[in-house]
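Student: I would like to go through this model and ask, for each label, what it rests on. Could we take the terms one by one and set each value against its cut-off?

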Amino acid sequence: MRRYSFHKGHGTRNDFIILDDSYGMHDMQPDFIKVLSDRHAGIGADGVIRVVRAGSVGEWDGDPQLWFMDYHNADGSVAEMCGNGLRVFARHLVNEQLVTTGSFDVATRAGVKHVEITSHGLISTDIGRAEVSDEAVSVTLDGREWSATKVDVGNPHAVAFVDEGVLAELDLHRAPTWEPATAFPEGVNVEFVHVDGPGKLSMRVFERGVGETMSCGTGVVASAAAYREASGHECAVEVTVPGGELSVDFVGGQARLTGPAVIIGRGEFWI
Ligand SMILES: N[C@@H](CCC[C@H](N)C(=O)O)C(=O)O
């Protein structure tokens, strides 16, 4: 049995277990992640984030001194990016004095992301390009099918625009399916979105590797990008998710996601 310390945090109620591992000693096996993330037998979270120096990550070939966000979904799968996780990771780095300024870079599997702690206590993150595809895809849930927009935010998304009543009533205990199957060979995060007004969206999400979550930062960016593409809207997009509010703006085609990030506590576990 080994003893680990952890922190717990969330960004718009998308919650994460944070494990400090400066020297890359933790073995992030899927079973370990699953046990930790279990809401009944473990600590419980949508995902686990390991805080490790990029130089300790075999697949990383950039600046070895950067902190690397090693993100794992609750089912043990690895994801390329996590928008809410990035803000929570940044908050943790600041709180633990692992960085000394409020403006810094973080290494992720989707590349280097710049982070700014804002004067309003929110965190802004440069997510990069959200690539909207013109490939025809659809998603199906409970026998209902919607056409969807395929968006790559480093990780894969399918965004379906739905009526307000549908958004409220969707049963996301089951996973949506998609067509064609080849569109998302690694699985996909599915966002259901209602346009509340110009530049205002409401979104629910079924996350790959988790299920329905209260928020998904990259899903919010994907939804904003799909909305901009469809409507021609140029200004910032405010997105309401079950867990709160996030905003997205696009500067020179690069998406910036801004929102809260909270560390709620720390503890120890034995496994
Ligand atoms: N909740 C995250 C996304 C986490 C990864 C996702 N489930 C995937 O597998 O791609 C976010 O805030 O972006």
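Student: Why is Asn84 called buried?

Tutor: In this predicted model, Asn84 has 34 C-beta neighbours inside 10 Å, and a residue is called buried if 20 or more other C-beta atoms lie within that distance, so Asn84 counts as buried. Asn84 lies in helix H2, and UniProt, in an unreviewed entry, includes Asn84 among the positions of a "binding site" feature.

Student: Which residues is Asn84 in contact with, leaving aside its neighbours within four places in sequence?

Tutor: With those neighbours left aside, the contacts of Asn84 are Gly11, Thr12, Asn14, Ser215, Cys216 and Gly217. Of these names, Asn14 and Gly217 also appear in the "binding site" feature of the unreviewed UniProt entry.

Student: Why is Thr218 described as buried, and where is Thr218 found?

Tutor: Thr218 is found in helix H4; it has 31 other C-beta atoms within 10 Å, and the cut-off for a buried residue is 20 or more, so Thr218 is buried. Not counting residues up to four places away in sequence, Thr218 touches Met81, Cys82, Gly83, Ile127, Val153, Gly154, Asn155 and His157. The "binding site" feature that UniProt gives in its unreviewed entry includes Thr218 as well as Gly83 and Asn155.

Student: What makes H4 largely enclosed by the rest of the structure?

Tutor: The statement rests on a count: 11 of the 15 residues of H4 are buried, so the helix is largely enclosed by the rest of the structure. The buried residues are Gly217, Thr218, Gly219, Val220, Val221, Ala222, Ser223, Ala224, Ala225, Ala226 and Tyr227.

Student: How does the reach of H4 compare with the expected span?

Tutor: H4, residues 217–231, reaches 21 Å from its first C-alpha to its last, close to the 21 Å expected at 1.5 Å a residue. H4 is followed by Gly232, whose phi is positive, near 80°.

Student: What does H4 give to the largest nonpolar core, and which residues there touch the most other members?

Tutor: That core has 72 residues, of which Val220 and Val221 touch the most other members, and H4 gives the most to this core, with seven residues. The core draws at least three residues from each of domain 1 and domain 2. Outside its neighbours within four places in sequence, Val221 is in contact with Gly83, Ile127, Ala130, Val153, Val248, Ala255 and Leu257.

Student: How is the chain divided into domains, and how many residues of each are in contact with the other?

Tutor: Domain 1 takes in 3–127 and 259–270, while domain 2 covers 131–258, and their C-alpha centres lie 23 Å apart. Across the boundary, 25 residues of domain 1 are in contact with 23 residues of domain 2. On the side of domain 1 that touches domain 2, the elements giving two or more residues are helix H2 (83–95) and strand S7 (123–129), and S7 gives the most, with four residues. By class, that side has nine nonpolar, 11 polar and five charged residues.

Student: Why is Gly55 called partly exposed rather than buried or exposed?

Tutor: Gly55 has 15 other C-beta atoms within 10 Å; exposed would need 12 or fewer and buried 20 or more, so Gly55 falls in between and is partly exposed. Gly55 lies in the loop between strand S3 (47–53) and strand S4 (67–73), and, its neighbours within four places in sequence left aside, Gly55 is in contact with Pro64 and Gln65.

Student: What sets Thr12 and Gln97 apart in burial?

Tutor: Thr12 has 26 other C-beta atoms within 10 Å and is therefore buried, whereas Gln97 has 7 and is therefore exposed. Thr12 sits in the loop between strand S1 (3–11) and strand S2 (14–20), with a phi near 50°, a positive value in a residue other than glycine. Gln97 lies in the loop between H2 and strand S5 (103–108), and has a positive phi of about 55° although it is not a glycine.

Student: How do you know which form the peptide bond from Glu179 to Pro180 takes?

Tutor: The omega of that bond is near -10°, and the bond from Glu179 to Pro180 is cis. Pro180 is found in the loop between strand S12 (177–179) and strand S13 (189–197).

Methods: Residues are numbered from 1 along each chain as its sequence is written. This is a predicted model: local features need pLDDT of at least 70, side-chain atom pairs count only at pLDDT 80 or more; totals for chains, interfaces and linings use all residues. The expected span of a helix is 1.5 Å times one less than its number of residues. Domain bounds come from an automatic or database domain assignment. Two residues are in contact if their C-beta atoms, placed from the backbone, lie within 7 Å. Ala, Val, Leu, Ile, Met, Phe, Trp, Tyr, Cys and Pro count as nonpolar, Asp, Glu, Lys and Arg as charged, and the others, Gly among them, as polar. UniProt positions are given in the numbering used here, feature names are shortened, and annotations may be inferred rather than shown by experiment. A nonpolar core is a set of buried Ala, Val, Leu, Ile, Met, Phe, Trp, Tyr and Cys residues joined through C-beta atoms within 7 Å.
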